[in-house]
Amino acid sequence: MKSTKRALLTSGLCLMLTALMLVGSTFAWFTDSVTSTGNKIETGKLDIGVIGYRLNGDKWSDPIWENQLASSPLITETNWEPGQYGAILLKVSNYNSTLAAKVDIEFSASGELANALWYRLEAVHTIKADYRAEMLEALQFKDSRPSTGTAGATCMSKIQDDSIAPLTLYTDYHDGEYGYYLLEYGMYTDVGSEYQNKSFSLNFTVKATQAAEETDGFGNNDYDADAEYAVSATNENFAETIRNATPGTTVLLTENVQTSTIPVPAGEVTLDLNGHTLRVSDQTTLSGGQKLTLKNGSFIRQGDYNWNSLDFAVIGGASMELDGVTYTGAGFQPQGQGSTVRIANSTVVSKTYCVSTNASASANHGVKVEIEKSTLKCTDADSAAILFNVPGTLTVKDSTLEGGRQALIVRGGTAELSGCELTNRAEYTNTKQYYDSSWGSGNEVPMAGLVVGNRANAYQYAATCTLTDTTITVAGTEVPDIYIYGNAEEGLGATLTYPSGTDYEIVKGGNATIIQN
């Protein structure tokens, strides 16, 4: 027997350039090579564009587009030695966006060779489509190689503390449509042999968020003033990063992450999977004013878990949202007044329930579930895509629900479905169980594509379901499309409303009302 005890506006662009500088050979003038691997472009909803150039002698290389950066590194110098010099240029554009963007760049550096290297960083913006000639003139150190501590050039070990002012890029063709970052770097001329066989790595991220701009701020140029950049998270620092996130922060994965739970902080946080996969082994509980949004990637529940396990328990007015996620796990369960689960543009696969509610106490009532443009599928033979069995609201639009015993159960509350497909694979063997007897708990109810109402001493509340442009498909011939039965007490019955002319096979029991309009 199964019961129900289971469960800014932000955006970001990441450019990861990793340069490995290796040195070796003889005393002060030694040679080796410099390579850059793993370059990567990661974009958000602002639709920022990036083009890279490398300095080749007295001119810039041909443009290296964002879709080429992973296989065509910007830093490709060879035969490096003390006094060697290089430069790269990044062109950031905002003309494909609908929002003004505030762009910033952050660095992280590691390796003993950093103390033997220097850098200079300049950021400018212009209306010109090609600013490379002017940026060549801006080069300062090509013919004047510093030794140590030269004014205007800083030791590479300090690059992560660089606080260059952000650039504001606009969407129309005026000053600031393009932004440029010029990075000059080199090896001090007096480097000694102690730096042979040392290495250095540099990661930098170009980030964008909304900028304060009247034209996209509804007439208020302060509308976007508090927009913040996304915070990057790796597998190593994931838990700490999300735990310490301030309300409103977007945490952006830069690689696949594996964790036990998601340590959600107080307030609202968005976890942008950024095309990566988040693997979680235990349940995450949201409570109070916590709100977690997962978007743009994959979620996988790892390990063995029971049929009534949950991935996310959303209780006490908390909120959970899924947007653009391919999801495999144990599903979601909202509990309590105002607790909300919203799934949009996603595919959710679970064993028993994708979304369920808990009718064990009245304190669990008053939940809200919204499904839009998504597919919810349960793989077990004894399963239902959604089990909704408490007073609350369920809204499903343009979505597909699939289960092995029922597709959808509305045992209480108010459900509205439009543009949906309900599929019952009818894999549960006892096809006529509970057709003429009291129902059990959870999905221990008659088999059907859709079940509405209640036939038991528990679950004493009304159930209402409205269908619009919704199809129901059931495998075999023994199981109806819809089974409806209502509680005997007045006001606690079951009501089904659907358009006239729609052909459903319906089994109707006591105290059930069917309205065709």
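Modeller: Before we get to Tyr459, a word on naming: helices (H or I, at least four residues) and strands (E, at least two) are DSSP runs, numbered from the N terminus. By that count, Tyr459 sits in the loop between β34 and β35 (463–468).

Biologist: And what kind of model is this?

Modeller: A predicted one: local features need pLDDT of at least 70 and side-chain atom pairs count only at pLDDT 80 or more, while totals for chains, interfaces and linings use all residues. Residues are numbered from 1 along each chain as its sequence is written, and side-chain values use heavy atoms, with hydrogens and water left out.

Biologist: Fine. Why does Tyr459 count as buried?

Modeller: Buried means under 20% relative accessible area, exposed means over 50%, and partly exposed is in between (1.4 Å probe, protein chains only). Tyr459 has 12% relative accessibility, so it counts as buried.

Biologist: What stands out about phi of Tyr459?

Modeller: Its phi is near 60 degrees, a positive value in a residue other than glycine. As background, most residues other than glycine have a negative phi. Ala426 has a positive phi as well, near 55 degrees. Ala426 is in the loop between β33 and β34, and its 22% relative accessibility makes it partly exposed.

Biologist: Back to the Tyr459 ring. How do you know that Arg411 lies over the face of Tyr459?

Modeller: The rule is that NZ of Lys or CZ of Arg must be within 6 Å of the ring centre and within 35 degrees of the ring normal. Arg411 lies over the face of Tyr459 at 3.8 Å from the ring centre. The charged end of Arg301 also sits over a ring, that of Tyr305, 4.9 Å from its centre.

Biologist: Arg301 has a charged partner too, doesn't it? What makes Arg301 and Asp311 a salt bridge?

Modeller: A salt bridge needs a side-chain nitrogen of Lys or Arg within 4 Å of a carboxyl oxygen of Asp or Glu. The side chains of Arg301 and Asp311 meet at 2.7 Å, N to O. Arg301 lies in strand β19 and Asp311 in the loop between β19 and β20 (312–315), so the pair ties together parts ten residues apart in sequence.

Biologist: Are these two buried or exposed?

Modeller: Buried: Arg301 has a relative accessible area of 11%, and Asp311 has 2%.

Biologist: How many salt bridges does a search of the whole structure find?

Modeller: It finds 15. One of them is Lys291 with Glu268, at 3.9 Å, N to O. That pair links distant parts of the chain, with Lys291 in strand β19 (residues 291–301) and Glu268 in strand β16 (residues 268–272), 23 residues apart.

Biologist: Why are Lys291 and Glu268 called partly exposed?

Modeller: Lys291 has a relative accessible area of 24% and Glu268 has 39%, so both values fall in the in-between range.

Biologist: What about Arg342 and Glu372?

Modeller: Their closest N and O atoms are 3.3 Å apart, and they form a salt bridge. Arg342 lies in strand β23 (residues 340–344) and Glu372 in strand β26 (residues 367–372), so the pair ties together parts 30 residues apart in sequence. Both residues belong to a salt-bridge network with Glu268, Lys291, Glu321, Lys368 and Glu370.

Biologist: Now the aromatics. How many aromatic pairs does the structure hold?

Modeller: Eleven. Take Tyr327 and Phe332: their ring centres are 4.8 Å apart and their planes are at 35 degrees, so the pair is tilted. Rings of Phe, Tyr and Trp (its six-membered ring) pair if their centres lie within 6.5 Å, and planes under 30 degrees apart count as stacked, over 60 as edge-to-face and the rest as tilted. Tyr327 is buried at 1% relative accessibility, and Phe332 is buried with a relative accessible area of 1%.

Biologist: Then what makes Trp439 and Tyr483 edge-to-face?

Modeller: There are 65 degrees between their planes, with 6.0 Å centre to centre. Trp439 is in the loop between β33 and β34 and Tyr483 in strand β37 (residues 482–485), 44 residues apart. Both are buried.
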